[in-house]
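Visitor: Got a few minutes to walk me through this one? I'll just throw questions at you as they come up.
Guide: Sure, let's put it on the screen.

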Amino acid sequence: MSRWVCELAVLPSGEVAREVVVEVADGRFTRVQPGGEVPVGARRLRGLVLPGMADAHSHAFHRALRGRTHAGRGSFWTWREQMYGLAGRLTTETYLPLARAAFAEGVLAGFTSVGEFAYLHHAPDGTRYADPNELGHVLVQAAREAGVRIGLLDTCYLTGGVEPGGHGGTPVPLAGAQARFGDGTADAWAQRVSALASAYADADDVVVGAAIHSVRAVPADALAVVAGWAEDAGAPLHAHVSEQPAENEACHAIHGTTPTQLLYDHGVLSEQFTAVHATHVTPEDRAVLGEARAYVCFCPTTERDLADGIGPVRELLDAGARLTFGSDSRAVVDPFEEARAVELHARLSTLQRGVLGSEELLAGLTVDGHASLGFVDAGRLEAGARADLVALSLGSVRTAGAPADAPVDTALFAASAADVTDVVVDGREVVVDGRHVLGDVAAMLTEAIATAHQEA
């Protein structure tokens, strides 16, 4: 049994309690008691202790693009070509250290689960590896070595787009770097991902879920296959939805409707579904997502980097959708920045302050974020839940001097990932006094990124 005593801790009720004694066995909380007798040998966690947080939408290999794609003019579509250049070079040998270092950076920031939206499936030229799920296994290995749980969202990606013409449009074949994304058909994707899910059926730290890359990458007649697989498996299902106006325009031109409505028409939406971005959803789309009790994953640091726009977060939540957050392109890896950016962007678009409450932001980072990845027993400090702890300094240059009676507001609106001092994942100390158990993560990133950019 492991024991900690938290100077301040956020309880499921939202109360911030002092001197909270925490005991853990087999990766689960067995005792969370404010003001209890401190056990012998308990380690003290100073500052504010939060539940573990979830990065609900990640592309690990995008970490190698940081600092290389931000300058100059352009759009999402020009950025995408730079991303494809990197995607076309990665091999098994370069993907593993890059993903491991990227995931370790996330743990240092306070993420204890990551939703990896994975569409690199095959060799750079599109041929299958001897094990068709080799790169999926690489991501699981990277997550385990970095000390984070993974929701591996295996992504169906069949076409390079859909052009008008014919019934449901004419699919554009995958080409270039995209060739490694595709399985040919949705049935072939389902067969491959079923084998992947079977490999981790007994794993407590891995959930194999499904993803539809987008309605431009999965033809309409294939959507139900992916949705059916997820439903049969009881697995989470995610999709990029209305990230760009051009996506909506193309969907209207071909199908006469919005991406959200197209997904609904083919049985994709449910309480297990997450719409990633949802930046340009219509009022009707919001109602449909809300009625389904779907999650919406906002990734504001990426959305502003790629000039996507500002999504209607308040309207989506009022309709019944549930909020989560993702680092997405990993231009920034900081849960506090993601959460406050959603609120601050909403202030800019509405000219009002306090569009979302701190309790909504924290739920999106914690309990709802984990649940959207299939980890329904994570994100809260209570007996029986997964034993995740994130300790945050309240005495850094960012947090010093804040009122003692509002530590959660301080965390969400003043703190940064650099203020995280300790992270426990499933009862295991992964970050201690600001240092990851793997050692120098910055050095790991430097080496892995340099290698990834070498010519294959």
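Visitor: Let's start with Ala339: buried or exposed?
Guide: Ala339 is buried, with a relative accessible area of 0%. Bear in mind that this is a predicted model.

Visitor: Noted. Which helix is Ala339 in?
Guide: Helix α11, which covers residues 335–350.

Visitor: And what is Ala339 in contact with, leaving aside its neighbours within four places in sequence?
Guide: Phe325, Leu361, Leu365 and Leu412.

Visitor: How many residues along the chain separate Ala339 from Ala417, and what's the C-alpha separation?
Guide: They are 78 residues apart along the chain, and their C-alpha atoms are separated by 12 Å.

Visitor: OK, the loop between β14 and α11. What about Asp328 in there?
Guide: Asp328 has a positive phi of about 55 degrees, although it isn't a glycine. The loop it sits in runs between β14 (322–325) and α11.

Visitor: Is that Asp328 buried or exposed?
Guide: Buried: its relative accessibility is 3%, and the cut-off for that label is under 20%.

Visitor: What about Glu19, what's its phi like?
Guide: Glu19 also has a positive value, near 50 degrees, and again the residue is something other than glycine. Glu19 is found in strand β2, residues 16–25. With a relative accessible area of 30%, Glu19 counts as partly exposed.

Visitor: Switching to strands. Why do you call β16 largely enclosed?
Guide: Because five of its six residues are buried, β16 (residues 420–425) is largely enclosed by the rest of the structure.

Visitor: Which strands does β16 pair with, and over how many bridges?
Guide: β15 (residues 389–392) pairs with β16 in the antiparallel sense over four bridges. β17 pairs with β16 in the antiparallel sense too, over three bridges.

Visitor: Which residues are the bridge partners of Val424?
Guide: On the β15 side, Val424 is the bridge partner of Leu389. In β17, the partner of Val424 is Glu429.

Visitor: And how many residues sit between β16 and β17?
Guide: Two, and the pair of strands forms a hairpin. Asp426, in the turn, has a positive phi of about 50 degrees.

Visitor: Now helix α3. Why does its span agree with what you'd expect?
Guide: α3 has 13 residues, 134–146, so at 1.5 Å a residue it should span 18 Å, counting one less than the number of residues. The end C-alpha atoms are 18 Å apart, which agrees.

Visitor: Which of its residues are buried?
Guide: In α3 those are Leu135, Gly136, Val138, Leu139, Val140, Ala142, Ala143 and Ala146.

Visitor: What do they pack against?
Guide: Their partners include α2 (92–108), β6 (111–118), β7 (149–156) and β10 (206–212). β17 (428–432) is also on that list, as is β18 (435–436), so β17 turns up both here and as a partner of β16.

Visitor: What happens just after α3?
Guide: Gly147 takes a positive phi of about 85 degrees there.

Visitor: Let's talk holes. How many cavities of 30 Å³ or more are there?
Guide: Five. The largest cavity holds about 160 Å³ of space.

Visitor: What lines that largest cavity?
Guide: There are 19 lining residues, and Phe76, Trp79, Met83, His213 and His240 lie nearest its centre. Helix α1 (residues 76–87) gives the largest share of the lining, five residues. By class, the lining has eight nonpolar, seven polar and four charged residues.

Visitor: And how much space is in the largest pocket?
Guide: About 280 Å³. The largest pocket is lined by 15 residues, with Val10, Leu11, Pro12, Gly14 and Leu362 nearest its centre. Helix α12 (residues 358–365) supplies the largest share of that lining, four residues. The pocket lining divides into nine nonpolar, four polar and two charged residues.

Visitor: Last one: where is Asn248?
Guide: Asn248 is in helix α6, residues 245–255. Asn248 is buried, with a relative accessible area of 11%. Leaving aside neighbours within four places in sequence, Asn248 is in contact with Ser242, Pro259 and His280.

Notes:
Residues numbered from 1 in each chain as written. Predicted model: local features only at pLDDT ≥ 70, side-chain atom pairs only at ≥ 80, totals over all residues. Heavy atoms only, no water. Buried < 20%, exposed > 50% of the residue type's maximum accessible area, 1.4 Å probe, protein only. Contact = heavy atoms within 4.5 Å. 1 Å grid on protein atoms, 1.4 Å probe; cavity = no way out; pocket = protein on both sides within 12 Å on 5 of 7 lines; lining within 4 Å. Points joined across faces, edges and corners; volume = space filled by probe spheres on them. Nonpolar A, V, L, I, M, F, W, Y, C, P; charged D, E, K, R; others polar. Pairing = 2+ DSSP bridges.
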